[in-house]
Amino acid sequence: MLTPVMTHDWNLSPTQAVALQRELAASVREVKLARIPALVAGADCAFCSHGEEIIAGWVVWDVKRRKLVEEVVAVERTTFPYVPGLLSFRETPAMLAAAAKLSVKPDLLMFDGHGRAHPRRFGIACHVGVLLDLPSIGCAKSRLCGEHKEPASSRGACVSLVDGEEKIGRVLRTRERLKPVFVSVGHKITLDGAVDVVLRCCTTYRLPEPTRLAHVLVTREKANHAP
DNA sequence: GCGACAG
DNA sequence: ATCTTGTCGC
């Protein structure tokens, strides 16, 4: 159901991958969302066989009704190592394979990783968002680049994540006193819009439901795949 | 050369 | 991410 509007070679060297990121970063669009998304898809991956196999999963979350609508997974051979800044080249192929299995079309995609809060402003949220041409958000558990102050301790409190002169993301407290998350634009959304959506998706945990449930999904799938 | 470094 | 038990704090 979710098919890429464009493709490119994935068999690249780290140097070629970096060049491709610089090239594709120009196609990222930062525009206001037409309306609050009803269905938000969250993606995550788990690894097997000493990292030789990757399990990608998507969960579609109904924001208003606060319930899970669909889950899909795909298992593939890993073809790219984990290199800080090149995460999407390791996880995207499997994520696209799983996305093709979705029967419902989500309004927005959410990732466990960064979007524009990336050295070349092209984290995994930007990469998948551009390939599938859908609004997307990066919601990472830790920082990749940029500097920031400590946000206040209340839910919803946030500060800017800055890299040089650029505001590349926002450090957002999703639960009172808990470690904040790093939100950034993936594609076709504004930073304020991204923060709003992340908060709407955070019910009782630090991480937004789409991404949290996707993690539960791939972890469970991994367990009953190699018993 | 010495740290930092999404998952 | 992954390998792992109990344990301290809200």
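Which elements each supply at least two residues of the surface near DNA strand C? In this predicted model, they are β1 (39–48) and α5 (209–223). The tour begins there and then proceeds to DNA strand B.

**First stop: DNA strand C**

Select DNA strand C together with the residues around it, namely Ala-46, Phe-47, Lys-141, Arg-177, His-215 and Lys-222. Sugar and phosphate make up 100% of the atoms of this strand that come within 4 Å of the protein. By class, the surface here consists of two nonpolar, one polar and three charged residues.

Next, display the side chains that make polar contacts with the strand. In Lys-141, a polar side-chain atom is placed 3.4 Å from a phosphate oxygen of DNA strand C. Moving to Lys-222, an N or O atom of the side chain is 3.2 Å from a phosphate oxygen of DNA strand C. At Arg-177, the partner is a sugar or linking oxygen of DNA strand C, 2.9 Å from a side-chain N or O atom.

**Second stop: DNA strand B**

Now select DNA strand B, which is surrounded by 17 residues; the closest are Tyr-82, Gly-85, Lys-141, Ser-142 and Arg-143. Of the atoms of this strand that come within 4 Å of the protein, sugar and phosphate account for 51%. The surface near DNA strand B comprises seven nonpolar, six polar and four charged residues.

Centre the view on Arg-143, where a polar side-chain atom lies 2.6 Å from a phosphate oxygen of DNA strand B. Then turn to the bases. A backbone N or O atom of Leu-86 is 3.4 Å from a base nitrogen of DNA strand B, and at His-118 a side-chain N or O atom is 3.5 Å from a base nitrogen of that strand.

How values were computed. Residues are numbered from 1 along each chain as its sequence is written. Chains are lettered from A and ligands numbered from 1 in the order in which they are written. This is a predicted model: local features need pLDDT of at least 70, side-chain atom pairs count only at pLDDT 80 or more; totals for chains, interfaces and linings use all residues. Side-chain values use heavy atoms; hydrogens and water are left out. A residue is near a molecule or strand if one of its heavy atoms lies within 4 Å of it. A polar contact is a pair of N or O atoms within 3.5 Å; within protein, one must be able to donate a hydrogen and the other to accept it, and residues adjacent in sequence count only if both atoms are side-chain atoms. Helices (H or I, at least four residues) and strands (E, at least two) are DSSP runs, numbered from the N terminus. Ala, Val, Leu, Ile, Met, Phe, Trp, Tyr, Cys and Pro count as nonpolar, Asp, Glu, Lys and Arg as charged, and the others, Gly among them, as polar.
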